[in-house]
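Student: I would like to learn how to read a structure like this one. Where should I begin?

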Amino acid sequence: CEMEGGDLLVAYSDGEVVGCEELITAATATDQPVFFMSISGEAKQPIRFTIERDGKTVAYTRDIMTFQTNAVIGSPEEPAVINFSDTQTYEEGKWYTIDGLLLQHKPTQKGVYIFGGKKVVIK
């Protein structure tokens, strides 16, 4: 997934948005986009990420990062790397987890899901 100016990096924990930042710098010396984000939370928790463009989810993480209170992960000199998968493999009319796993039917548990390439929050 190629990043574009205005893309948003959104962090989720347990189906709730815990951080959101816009791409503010085109690239590092290695031509990789950079985001600076603060993530809110009370305790150690798993965090997943999406890239959103014009209200649509265009990429998501399969890997999970772990949030820890007052932890600093990465620096401008050595940023934390987040690996994304693009959403072009989604079939129209099918539901997927935020990790890109196909579901057999519409989810009934609260969380963040992908339907038609768009993020859907079930509360």
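The dialogue below takes up confidence, cores, strand pairing, single residues and salt bridges in turn.

Student: How should I read the confidence of the model, and which element has the lowest mean pLDDT?

Tutor: This is a predicted model. Where pLDDT is low, the predicted coordinates should not be read in detail. Here the chain has an average pLDDT of 79, and 85% of the residues score at least 70. Among the elements, the lowest mean belongs to strand E6 (residues 84-86), at 72, and the highest to E1, at 88.

Student: Next, the core. Which residues make up the largest nonpolar core?

Tutor: In general, nonpolar side chains of soluble globular proteins tend to be buried together. In this model the largest nonpolar core has 11 residues: Leu-9, Ala-11, Val-18, Leu-23, Phe-35, Ile-47, Phe-49, Ile-51, Val-58, Ala-59 and Phe-67. At least two of its residues come from each of strand E1 (8-13), strand E3 (45-53) and strand E4 (56-61). The largest contribution is that of E3, with three residues. Apart from this core lies another one of six residues, including Val-10, Tyr-12, Ile-98 and Ile-114.

Student: What is Val-18 in contact with, leaving aside its neighbours within four places in sequence?

Tutor: With that exclusion, the contacts of Val-18 are Ala-11, Tyr-12, Ser-13, Ser-38, Ile-39, Ser-40 and Ile-47. Two of these, Ala-11 and Ile-47, also appear in the list of the largest core.

Student: Is Thr-50 buried or exposed?

Tutor: The cut-off for buried is under 20% relative accessible area. Thr-50 has 0% relative accessibility, so Thr-50 counts as buried. This residue is part of strand E3. Not counting residues up to four places away in sequence, Thr-50 touches Leu-8, Leu-9, Val-10, Tyr-12, Thr-57, Ala-59, Tyr-60, Phe-84 and Ile-98.

Student: What does Pro-46 touch, not counting residues up to four places away in sequence?

Tutor: Pro-46 is another residue of strand E3. With those residues not counted, Pro-46 touches Tyr-12, Ser-13, Ile-64 and Met-65. A distance can be read beside the sequence too: Pro-46 and Gln-68 are separated by 22 residues in sequence and by 9.2 Å in space, C-alpha to C-alpha.

Student: Now the sheet. In what order do the three strands of the open sheet lie?

Tutor: The order is E7-E8-E9, with antiparallel pairing. Strand E7 (95-97) and strand E9 (118-122) are at the edges, and each has a single partner strand, so one side of each has no neighbour in the sheet. On average, neighbouring strands of this sheet are turned by 40° against each other, direction ignored.

Student: How many bridges join each pair of strands?

Tutor: E7 pairs with strand E8 (residues 111-115) over three bridges, in the antiparallel sense. One bridge to follow is that of Tyr-96, whose partner in E8 is Ile-114. E8 and E9 are also antiparallel, and they pair over five bridges. There, Gly-111 has Ile-122 in E9 as its bridge partner. The hairpin of E8 and E9 has two residues between the strands, and in this hairpin Gly-116 takes a positive phi near 65°.

Student: Which residue other than glycine has a positive phi?

Tutor: One of them to look at is Asp-54, with phi near 55°. Asp-54 sits in the loop between E3 and E4. Its relative accessible area is 76%, and the cut-off for exposed is over 50%, so Asp-54 is exposed.

Student: Last, how many salt bridges does the structure hold?

Tutor: There are two. One joins the side chains of Arg-53 and Asp-7, at 2.8 Å from N to O. This pair links distant parts of the chain, since Arg-53 is in strand E3 and Asp-7 in the segment before E1, 46 residues apart. Arg-53 counts as buried at 18% relative accessibility, and Asp-7 counts as buried at 1%.

Student: And which residue forms a salt bridge with Glu-52?

Tutor: That residue is Lys-119, and the closest N and O atoms are 3.3 Å apart. This pair also links distant parts of the chain: Lys-119 is in strand E9 and Glu-52 in strand E3, 67 residues apart. Lys-119 is partly exposed, with 29% relative accessible area, whereas Glu-52 is buried, with 10%.

Conventions:
Residues numbered from 1 in each chain as written. Predicted model: local features only at pLDDT ≥ 70, side-chain atom pairs only at ≥ 80, totals over all residues. Heavy atoms only, no water. Core = buried A, V, L, I, M, F, W, Y, C linked by side-chain atoms within 4.5 Å. Buried < 20%, exposed > 50% of the residue type's maximum accessible area, 1.4 Å probe, protein only. Helix = DSSP H or I, 4+ residues; strand = E, 2+ residues; numbered from the N terminus. Contact = heavy atoms within 4.5 Å. Pairing = 2+ DSSP bridges. Axes fitted to C-alpha atoms, helices over the stretch in contact; angles between N-to-C directions. pLDDT = per-residue confidence, 0-100. Salt bridge = Lys/Arg side-chain N within 4 Å of Asp/Glu carboxyl O.
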